[in-house]
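Visitor: I would like to go through this model and ask what stands behind the terms used for it.
Guide: Go ahead.

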Amino acid sequence: MSAPTPPAAKAAARHLHFYYGSVEALQDVSIDFPARQVTALIGPSGCGKSTFIRCLNRMNDLIPHTRVTGELWLDGKNIYAPGVDVVDLRSRIGMVFQKPNPFPKSIFDNVAYGLRVNGRKGQDFIRHRVEESLQKAALWAEVRDRLDASALSLSGGQQQRLCIARALAVEPEMLLMDEPCSALDPIGTQKIEDLILELKATYTIIVVTHNMQQASRVSDFTAFFYLGRLIEAAETPQLFSRPRHKQTEDYLTGRFG
Amino acid sequence: MTPEADMPNATEILADLPESEGRRPTLEEGAAPRKLRRRRLQAVAFGVLRATAAVNVAALLLVIAFILYHGAAVVNWEFLSRPPTHSMTRGGILPCIVGTLLLSIGSILIAFPVGMASAVYLSEYARPGRFLRLVRLGISNLAGVPSVIFGLFGMAFFVIYLKLGVSLLSGALTLAAMSLPIIIGAAEEALKAVPNQYREASLALGATRLQTVFRAVLPVAMPGILTGAILGVSRAAGETAPIMFTAAVFYTPGLPASVFDEIMALPYHIYVLATAGTEITRTRPLQHGTALVLIALVLGLNLAAVLYRSHLRRRCA
């Protein structure tokens, strides 16, 4: 196989296939993710969007009997090439999960966790970075007086912003968000959406969402997945107003999904 | 289907019943005999279940009451703080208490790290396969080995082959081997109970698997692992067979000075007084007193484990 030319985008997939055992969960997905833009992945449950973003930080490696073919590029490097340091890769890509999952530790220790495991030392440095990350995640004002309180004492929306702060503390280049608002109430959702719009100035963001209003509110690009295939990817206003494919239109108008 | 949609069907069925030709019976009348029978059956079933559960508690209370009744009179400060005297027909049981405590501490120090490490390997690292099945089979069979076999193994391996002699160390190693399957089982359960989301969160932040185990998984699992370890050892602490060839002796003049010394221990002391002495009838109160101390020690350890677990859980939450 000749060495393929790396795509220019921040991240990109080329002919990506993913298998759970013999089940093909992703079929020939090729897509670009431009730097410092928000890309929303939409599609009905089981269409492969979560599987796809879990390929980007190789979280799927943890599931036995899975296989990947094709290329996934980050800054011109194929992250599935042999010899890639997965631990290093994951510290460059932050991930926010569907359900807020702070550790049963203090608020401070949650944000400091990523710094400590990556060997960043110095009390002052860590304290400074924790404050900075909590500010970026719009949580600082609410928790500054109780950094030693358990993270589990926070509300669901606060916990999710804490998870975002925890991811930001490691200074990733990209943020992957797997339905970050699906467990939150409208106020919590609103705050996360505002945050996404602020964070895109610094980070390349990919958001999986079931909520099409949310996709149209926060994203610059939208990709529609169906049955493991990428059906259509375009600038968000265009995809929502003039979808090129019948399946996209049917999904957007609520005919299935 | 909505309840409204059900209603006409029910009425149709009632209308088809022969009784409904004259006077349609009210619902209460129709259901009354069946309802009563079902209620009676339920009362009987619950009664039987409740009695079965009560038998367990009653057995424990009966044992404790029996030992208290016969042994409470001899348990006083002198009994607890003096060595036996007059060929063990008088005096106290201090060396036995110290011996059993040291055995428990020693075996937990050995079995806890080994058991925890095995459980971490089994639940966090091992990939399913033939080797893993073999290890699991070994562990579950180890749990079924009779305690006297552990005693013989301890004598053959620790005492004779490793030349550790009849000693505190040999006994602690034997008890540790015996409590390992219980500790591994409890630790594995505790690790399995840690939600996967903590592992994912940790790995996604760029932690290695080892860091994830030590910083995200073990802190959450620790209360369960510790409790399992204490329960495992407290059960082993009451055993006679594993220590009778490896650690415990009939009588020692003083307390052990090193891990290579022979010791006296509560369960073995009971066995000796009750079977091997010349004055079995005269020492009967001493036997009951020793049994009382042993049972208090074991229940005390269990209670400590439970309290410690709830303390850790509160701190974590």
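Visitor: Is the crossing of α4(A) and α6(A) left-handed or right-handed?
Guide: In this predicted model, the crossing of α4(A) and α6(A) is right-handed.

Visitor: What makes α4(A) oblique to α6(A)?
Guide: Helix α4 (residues 123-136) and helix α6 (residues 156-169) of chain A pack at an angle of about 130°, and their axes are 8 Å apart. Angles over 145 degrees count as roughly antiparallel and 65 to 115 as roughly perpendicular. The angle of about 130° is in neither range, so α4(A) is oblique to α6(A).

Visitor: Which residues make that contact?
Guide: α4(A) gives R129(A), V130(A), S133(A), L134(A) and K136(A), while α6(A) gives A165(A), L168(A) and A169(A). By class, five are nonpolar, one is polar and two are charged.

Visitor: How do you know that β3 and β9 of chain A pair?
Guide: Pairing asks for at least two bridges between two strands. Strand β3 (residues 38-42) and strand β9 (residues 221-226) of chain A have four bridges, so they count as paired, in the parallel sense. In this pair, T39(A) stands opposite F221(A).

Visitor: Why do β6 and β10 of chain A stand at the edges of the sheet?
Guide: The open sheet has six strands in the order β6-β7-β8-β3-β9-β10 (chain A), with mixed pairing. β6 (93-96) and β10 (229-235) each have a single partner strand, so one side of each is left without a neighbour in the sheet. Neighbouring strands here are turned by 15° against each other on average, direction ignored.

Conventions:
Residues numbered from 1 in each chain as written. Chains lettered and ligands numbered in written order. Predicted model: local features only at pLDDT ≥ 70, side-chain atom pairs only at ≥ 80, totals over all residues. Helix = DSSP H or I, 4+ residues; strand = E, 2+ residues; numbered from the N terminus. Axes fitted to C-alpha atoms, helices over the stretch in contact; angles between N-to-C directions. Parallel < 35°, antiparallel > 145°, perpendicular 65-115°, else oblique. Left-handed = near helix turned anticlockwise from the far one by under 90°. Contact = placed C-beta atoms within 7 Å. Nonpolar A, V, L, I, M, F, W, Y, C, P; charged D, E, K, R; others polar.
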